[in-house]
Amino acid sequence: MHAWIYGKLRGKLFAAQLQEVALELGVTGWLRFWLDGRVELVAEGNADTVTELLRWAGEGPDDADIAEVVVEDEPYVGEFDAFAVRR
């Protein structure tokens, strides 16, 4: 799954918490912040766990204000062994 997350996010807190959720769910992939404020998320795993990660990303931590999540389904290719925050 490839998603773009838009809204007011507290960068480091959002990234750390999303990474923690991904690790708990066993989802692999990465997250990256863009200078314009959007967040790019690539995630691999079984459909249920990726859906759960996406649900969390759409809500974010308590102080986040998520405006929109745009999701593009992509085929599973198994290219990641962990979940990372990219700079």
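**Notebook: charged side chains in helix 2**

I looked up Glu 52 first and found that it forms a salt bridge with Arg 55, with 2.7 Å between the closest N and O atoms; a salt bridge here is a side-chain nitrogen of Lys or Arg within 4 Å of a carboxyl oxygen of Asp or Glu. I note that this is a predicted model, in which local features need pLDDT of at least 70 and side-chain atom pairs count only at pLDDT 80 or more, while totals for chains, interfaces and linings use all residues. Residues are numbered from 1 along each chain as its sequence is written, and side-chain values use heavy atoms, with hydrogens and water left out.

Glu 52 and Arg 55 are three residues apart in helix 2 (residues 47-59), so about one helical turn separates them; helices are DSSP runs (H or I, at least four residues), numbered from the N terminus.

I then checked Glu 59, which also forms a salt bridge with Arg 55, at 3.0 Å between the closest N and O atoms. Through shared partners, the salt bridges join Glu 52, Arg 55 and Glu 59 into one network.

For accessibility I used relative accessible area (buried under 20%, exposed over 50%, partly exposed in between, with a 1.4 Å probe and protein chains only). Glu 52 is partly exposed at 31%, Arg 55 is partly exposed at 38%, and Glu 59 is partly exposed at 47%.

Elsewhere, I found Arg 38 and Asp 36 meeting in a salt bridge (2.8 Å, N to O), where Arg 38 is partly exposed at 22% and Asp 36 is exposed at 54%. By this rule, I count four salt bridges.

How values were computed:
Helices (H or I, at least four residues) and strands (E, at least two) are DSSP runs, numbered from the N terminus.
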